[in-house]
Each structure stands twice: as C-alpha cells, then as structure tokens.
Amino acid sequence: MKTISKILALTGLISFMSCDSDDNNTVSIPGENNSVIELKNHSITPAFVTKQSEFNNIEVYSLLSSEDALPESPNFVYGSMADGCGLLRNDDGTFTLINNIEADYSIARITLDATFKPIKGEYIVNSEATGNTAQCSGSLATPEEHGFGPVYLSGGEWGAMPTNNVFMVDPYKSADDAGVGEVLPAMGQWTIENAVPLHKDAFTGKTIVMIGDDSRGDAGGQLAMYVSNTVGDLHGGNLYGMKVGDGTITDNELITGNEYDVEFVQLEQTTYNELNNESIAKGVMAFNRVEDIDYRKGSAEANREIYFNATGHSSNSDTRTKYGRVYKLVLDENNPLIGKLTLELNGDDLAGKAKTFHSPDNILVTENYAYIQEDPNGYVDDMVKQHDAYLYQYDLNTGALKVVLESAHRTVEAVDNGYASFDDRWGKWELTGMIDISDIIGEPDTFLLIQQAHSWKSDAFLNPDGAGTDANSRDEGSILLVVKGLAR
C-alpha cells in the first residue's frame, strides 16, 4: 500500500523501501499457456536496499520473506540464510524455484504461479539428508544450457563433517523424501561454495564442473575442476586443481591485469584432509576463500571465460587477499586443463578501482557484465570499507566498476519495525544468490537477488526444514527480491 523513497542529498543515493505496492510491471509471455507475469511486491517485508543514483531507474520488488505465509503451504517458513537458487518454467506456465537455505542445512522448493506470485513452499532436502551441512551457492543444470538435466548442484560448505560434498538434487523430487540426499563423491570433499557446470558449447562432448573451495586453511581456497568425457556424467570423471605457473607463486604476488599460465593438475584423493594435503604437495594455488564462480554468456568462446571471487580474510593476508578479489580464467579452446589467469579486481589495492571491496562473495556473469555481491566481514580499518553490502556492476568490455545498490537495513524504517539495529556492524546483512531470470520469465534484464538478514531474528524462523530439531536451525530471516532493469 505504500512506497517509501528518500533522496539522500549528501551521498547521491536513493533509499528504496517497498511494501505491497499496487504498482506493477505486467508482461505477456508467449507460449501455448500465454502466461501473464506481474512483477510486483508479494511479501509483507520491505526490500531494504539503497539504489545508487545512476541506477535510479531499476525496479526492486520484495517477492518472499521469512515472515510470509504462502496460500498453499501456510506453515512453510522461508528459512535462515537463503542462498543459491535456480528457476524453471513448468509446462503449465507456473515456475519452480530451487533455493538453498544455508543455515538450516536444507534446500527448499518454491512454486510460483503464472503471474510470478509465490504460492507454495516445501523442503525437498532437509538437515537430516545433508548431515547438518550448510548448503551455500547452487547451480541449476538444464538440457538447453548444459546438455543434461534438469538437475540442481548444491555446495556443502560448513557444519558437520564429512559431508562437505557436492549435493545433487532432482528439482521435482517428492518432498516426502526430503530426508534422503545424494552426493557426488567424484567431485571431492571441499569447503564447497558452489559447483558450476560450464555451458555445453564450451567444450563439446564433455561435462565440466568448476568447484570453489571456501577455505582459508593451509591448502587454500582452491579452484577445482571436474571433467567427464561423457555429457551428463557426474560420477565417473576426474578431479583437478588449478596450479599457477610453477606452483610457487602466491596470491599476493599476482599483479592486477597481468596474465598467468595455469594448468589443472589431476588429483587422486577425494576425501577432505587427503585432498588438501595432495593439493599442497602438487602446488595447487592457495587463494583465501574461493567463493562463487560463473562463466560469460553469449558464445562458445565466451563460455570458456570464467570469473570467480575470493572473499578474503585477515588470516594468511601476508600471502593472500584480505579484502577480496575477482579473477578471470580463460580456458584453452582445445584443452580445458590449461589456460590464462588474470587478477581483474583487487580489493587490497586501496588506490585501485576496487578499493571499496569488502568481501565479494557471490558472482553472476552475463554477456557483458559481472554482478558481484558482498558478504562483508565487518572490517573497519579503512574508511572506504565502511559500508554495508554492495551489489556491483563490472563492465567486462570497458572495465568500469559501479555500485548498483547497498543493503539498507540500518535505516529508521528498518530499525523502527524491528528488522535491524543501528548498532549492526558493517555488513551485518549480506547480498547473495543473484540469478538472471530474463529468458525464463520472458522479461528482459530481470534478476532474482537475496538478502540474508543476519540480525532479523525470530523464534518463528526456527526449525523450518521438517527434520525435527531446533538445534539444526537458526532464527535469522531471509528476503527474496526481484531486480528489474539491469543491463545484461
């Protein structure tokens, strides 16, 4: 019923909060069902984001949050730390969203009707199935894009060991089997942020999956690769780790803009400790928390251009990034096991274009842009880092880096309504899980984006996954947003 906009004259930013606005954007989707999409606010929770003035024309809608009750499943709770996701359009014109619920060690399935309104939610993988392992970023493989599927790959990152695996999920599995999970042992046990299959055109006749290790231990943060010579084979391929040069160069010795030869060396081990020891012995590059990964869209050549984030950490910062970096990897056209690595954006260079980087985490790459989402570690040792989570737009053609929006949870409106506190540290909320849904819903330049609202807490958010114990749950809220109008 209301939209609150406030121009912040000193910062040049526009603060955007929207609640159940009657404003909407309607588009007809061609097809036999002739579905009509209505992009508008469906959640009772506002979208707490602040738009940079250059991006005033983008539209942000609050689609679903942890305090919403869906009409066909009123007891479903959109749980703590919603993260990676994937969207499918069904034959009847409805939509299926597969969404990791990280801090509840679960994976949810949300049904949206033909107008793109969430109507039902259920857990299809619960904390029993994952062995209480956090499900972080995820990737949806489809026949159209990857040559196989649909199948959802989810990164098992933190929590109970030894289930730090890539989990494989049928998007249409019965919720009655939520306590049953399936892992992919051939992809190894890492501190897995995401497992990203490359486009089917990148290397014809192969299935290649890039794996990010969100670790800061002795072995890294590594970038790993699974390769099968059979399309759709996720069990019988080989595992590799990326070595830079002769394997002695450290992350902090990389010079921004320079190219470095890399090779992926085969790894024989697949269990966590053994895999880390082998990586050290074989000179696999130790980054500081490799997070999300994505490839460029548009052509087979573009599909071999891969971008990944290292979110950074204060430990090991003598040899590895502290504030976070974005890297570009270009794989050889004829051999996926060799390529060129470039440090594209360096948050440790306080005079560089990425000087405001504060723990870049997730990344989405389109044909012309990379969209980088932050999960700030709360550093306050430099003024340029003292901001809440940013969403950046990085122009792959010109190199221009711009801030699109910032988490706005420390506003008067958010605090007065119990969503946050003025005392929240920098980055208490994070931005994550961004995916491009333009082609799926038939509306150009449209994305999903998630806010992990770490300080918005309620007992009502506990134990949403059906596994039967509050110990396997957190009480933090999540907010799912639609962002319309960003260039691809």
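Two strands pair if DSSP finds at least two bridges between them. Strands (E, at least two residues) and helices (H or I, at least four) are DSSP runs, numbered from the N terminus.

This is a predicted model, in which local features need pLDDT of at least 70, side-chain atom pairs count only at pLDDT 80 or more, and totals for chains, interfaces and linings use all residues. Residues are numbered from 1 along each chain as its sequence is written, and side-chain values use heavy atoms, with hydrogens and water left out.

**Exercise 1. Work out the strand order and pairing of the open sheet that four strands form.**

Step 1. Take S28 and S29, which run antiparallel and are joined by nine bridges. Within this pair, Ile450 has Leu480 in S29 as its bridge partner.

Step 2. Add S27, which is antiparallel to S28 and joined to it by six bridges. Here Trp429 stands opposite Ala453 in S28.

Step 3. Add S6, which runs antiparallel to S29, with six bridges between them. Tyr61 is opposite Val482 in S29.

Step 4. The order is S6-S29-S28-S27, with antiparallel pairing. S6 (59-65) and S27 are the edge strands, each pairing on one side only. On average, neighbouring strands of this sheet are turned by 25° against each other, direction ignored; the axes are lines fitted to C-alpha atoms (for helices, over the stretch in contact), and angles run from 0 to 180 degrees between N-to-C directions.

**Exercise 2. Describe the surroundings of Glu476.**

Step 1. Place the residue: Glu476 belongs to strand S29, residues 476-484.

Step 2. Is Glu476 buried or exposed? Glu476 has 8% relative accessibility and so counts as buried (under 20% relative accessible area; exposed is over 50%, partly exposed in between, with a 1.4 Å probe and protein chains only). In S28, 11 of the 12 residues are buried.

Step 3. List contacts (heavy atoms within 4.5 Å). Neighbours within four places in sequence aside, Glu476 touches residues including Ser66, Met81, Ala453, His454 and Trp456. Ala453 is 23 residues from Glu476 in sequence, with a C-alpha to C-alpha separation of 6.4 Å.

**Exercise 3. Compare the linings of the largest pocket and the second largest pocket.**

Step 1. Fix the terms. On a 1 Å grid over the protein atoms alone, a pocket is an open set of points with protein on both sides within 12 Å along at least five of seven lines, while a cavity is a set where a 1.4 Å probe fits but cannot get out; lining residues have an atom within 4 Å of a point. Grid points are joined across faces, edges and corners, and a volume is the space filled by probe spheres set on the points.

Step 2. The largest pocket has a volume of about 1,100 Å³. Its lining has 46 residues, and Leu140, Glu145, Lys297, Asp436 and Ile440 are the closest to its centre. S7 gives the most to this lining, six residues.

Step 3. The second largest pocket holds about 350 Å³. Of its 21 lining residues, Met81, Arg289, Asp375, Glu430 and His454 are the closest to the centre. S12 (151-159) and S28 (446-457) each supply at least two residues of the lining.

Step 4. Sort by class: Ala, Val, Leu, Ile, Met, Phe, Trp, Tyr, Cys and Pro are nonpolar, Asp, Glu, Lys and Arg are charged, and the others, Gly among them, are polar. The largest pocket's lining has 18 nonpolar, 18 polar and 10 charged residues. For the second largest pocket, the division is four nonpolar, three polar and 14 charged.
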